[in-house]
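Here are my notes for your read-through, as a set of numbered points. Please keep the model open beside you as you go.

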Protein chains: 2
Amino acid sequence: MAATRHTPARTGDDQARLDALDSLLRLGMELRRHVETVAHDFGISAPQARLVVTLSEPMRMQQAAEATACEPSHLTALADQLEGAGLLTRKPDPTDRRARQLCLTTKGKALRTKLVPAVVDGAPVVGRLDGGQCGRLRSLIEMEET
Amino acid sequence: MAATRHTPARTGDDQARLDALDSLLRLGMELRRHVETVAHDFGISAPQARLVVTLSEPMRMQQAAEATACEPSHLTALADQLEGAGLLTRKPDPTDRRARQLCLTTKGKALRTKLVPAVVDGAPVVGRLDGGQCGRLRSLIEMEET
DNA sequence: CAGAATACTTGGTTGAATGAAGAAATAACT
DNA sequence: AGTTATTTCTTCATTCAACCAAGTATTCTG
């Protein structure tokens with residue numbers, strides 16, 4: 001019968017959505033916590049680790065700010081810390097002297113190659129999914145908005 | 001050829017996992033931000049909203065602390081705030097006078113019935129998934145650990 | 001009844017994140 | 001060329017969630 005369905009998806013969908021939202025929020029928190037503990041084992045903080053992982057190749061601060069979804073002012077602080085730890089250098093961008101390129105040092109790259117698998121393998125949910133499952137997960141998440 | 005596969009899943013799985021991890025971390029942040037803006041529209045903070053949503057029925061602080069995955073000391077502060085706003089009352093648990101039950105007031109329940117759909121409907125990814133998709137998402141996330 | 005464990009509270013501290021305002025360099029427009 | 005606007009990053013102050021240690025009250029255990 002499907003009852004009266006003036007609004008689309010007005011049955012168990014709401015509860016399913018609430019459950020999914022709860023799962024995702026909880027998982028997000030677990031993942032953040034996981035990243036934090038792993039990063040701490042490597043002597044850095046979670047936001048610092050996020051930046052190191054992001055820097056697979058040199059990029060300008062603005063790009064890095066977008067990629068890590070944090071504000072430029074915060075990224076300045078993170079870059080300061082990583083620079084102080086010898087993991088990162090700031091080079092002036094040759095094409096625009098306002099901008100600065102963030103480049104991992106040799107030490108930083110070495111850290112990154114150890115950090116990435118350490119984060120991924122032990123991750124709460126992602127660590128035990130195979131490639132196909134990860135793909136299905138992402139296809140649900142990254143669906144087009146419209 | 002499948003190359004040498006001493007460790008299980010050592011091909012594209014790692015990249016797929018890293019991508020999935022990135023998607024989930026990013027989504028988690030977006031969802032937290034979404035909850036915060038919606039909560040702010042209702043005059044409360046995101047953690048307060050999380051507690052209100054959790055309290056579908058009265059429960060002890062310890063239960064609420066587990067359900068919201070935050071420390072008891074933090075939950076005390078949240079309960080204080082919500083109590084001050086008239087959304088929540090603390091009743092002594094009849095079976096154990098150490099414990100206290102958190103109960104939404106009429107005002108709190110009214111807020112909750114408006115808050116839940118507002119949070120769910122506008123949520124970044126969850127809001128545009130149907131029940132089946134939410135179920136598939138959760139089945140991937142909530143798989144047994146072993 | 002004495003001691004351990006549980007449930008919550010209090011106070012202090014840390015650190016990520018934000019926002020406003022400033023310095024340096026470039027782009028645009030006349 | 002010269003002036004103004006825009007972009008890029010930095011600095012500073014502030015906020016707030018989260019955590020930890022210690023304290024109080026109640027219940028459980030031997």
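1. Let me begin at the surface near DNA strand D, whose residues divide into six nonpolar, six polar and eight charged. For these classes, Ala, Val, Leu, Ile, Met, Phe, Trp, Tyr, Cys and Pro count as nonpolar, Asp, Glu, Lys and Arg as charged, and the others, Gly among them, as polar. DNA strand D is surrounded by 20 residues, and the closest are Gln62(A), Ser73(A), Ser45(B), Ser73(B) and Arg97(B). A residue is near a strand here if its C-beta atom, placed from the backbone, lies within 6 Å of it.

2. A word on conventions before going further. This is a predicted model, in which local features need pLDDT of at least 70 and side-chain atom pairs count only at pLDDT 80 or more, while totals for chains, interfaces and linings use all residues. Residues are numbered from 1 along each chain as its sequence is written, and chains are lettered from A and ligands numbered from 1 in the order in which they are written.

3. Which elements give two or more residues to the surface near DNA strand D? They are helix 3 and helix 4 of chain A, together with helix 4 (72-84) of chain B. The largest share, four residues, comes from helix 4 of chain A. Helices (H or I, at least four residues) and strands (E, at least two) are DSSP runs, numbered from the N terminus.

4. Now turn to DNA strand C. Of the 20 residues around it, Ser45(A), Arg97(A), Gln62(B), Ser73(B) and Thr76(B) come nearest. Two or more residues come from each of helix 4 of chain A, helix 3 (61-68) of chain B and helix 4 of chain B. Helix 4 of chain B gives the most, with four residues. By class, this surface has six nonpolar, six polar and eight charged residues.

5. The protein interface deserves a look too. In chain B, 38 residues are in contact with 38 residues of chain A, where contact requires C-beta atoms, placed from the backbone, to lie within 7 Å. On the chain B side, helix 1 (13-41), helix 5 (106-121) and helix 6 (131-141) are the elements that give two or more residues. Helix 1 of chain B supplies the largest share, 17 residues. The chain B side divides into 22 nonpolar, six polar and ten charged residues.

6. How are the two chains related? A turn of 180° and a shift of 0.0 Å along the axis lay chain B on chain A with an RMSD of 0.1 Å. The two copies are thus related as by a two-fold rotation axis. The superposition is by least squares on the C-alpha atoms of residues with pLDDT of at least 70 in both copies. The same surface serves both copies, as 100% of the contact residues of chain B recur in chain A. Of the residues of chain B, Gly28(B) comes closest to the rotation axis, at 2.3 Å (C-alpha).

7. Helix 3 (residues 61-68) of chain A has Ala64(A), Ala65(A) and Thr68(A) buried. A residue is buried if 20 or more other C-beta atoms lie within 10 Å of its own, exposed if 12 or fewer, and partly exposed in between, with C-beta atoms placed from the backbone. These three cover an arc of only 105° around the axis, which puts them on the same side of the helix; the arc is that of the directions from the helix axis to the C-beta atoms. The buried residues of helix 3 of chain A pack against helix 2 (46-54), strand 1 (59-60), helix 4 (72-84) and strand 3 (100-104) of chain A. Just after this helix, Ala69(A) takes a positive phi of about 55°.

8. In chain B, an open sheet of three strands has the order 1-3-2, with antiparallel pairing. Strand 1 (59-60) and strand 2 (88-92) of chain B stand at the edges, each with a single partner strand, so one side of each is left without a neighbour in the sheet. Two strands pair if DSSP finds at least two bridges between them. Arg60(B) has Gln101(B) in strand 3 of chain B as its bridge partner.

9. Finally, have a look at Asp93(B), in the loop between strand 2 and strand 3 of chain B. Asp93(B) is partly exposed, with 15 other C-beta atoms within 10 Å. Leaving aside neighbours within four places in sequence, Asp93(B) is in contact with Arg60(B), Ala99(B), Arg100(B) and Gln101(B).

Conventions. Two residues are in contact if their C-beta atoms, placed from the backbone, lie within 7 Å.
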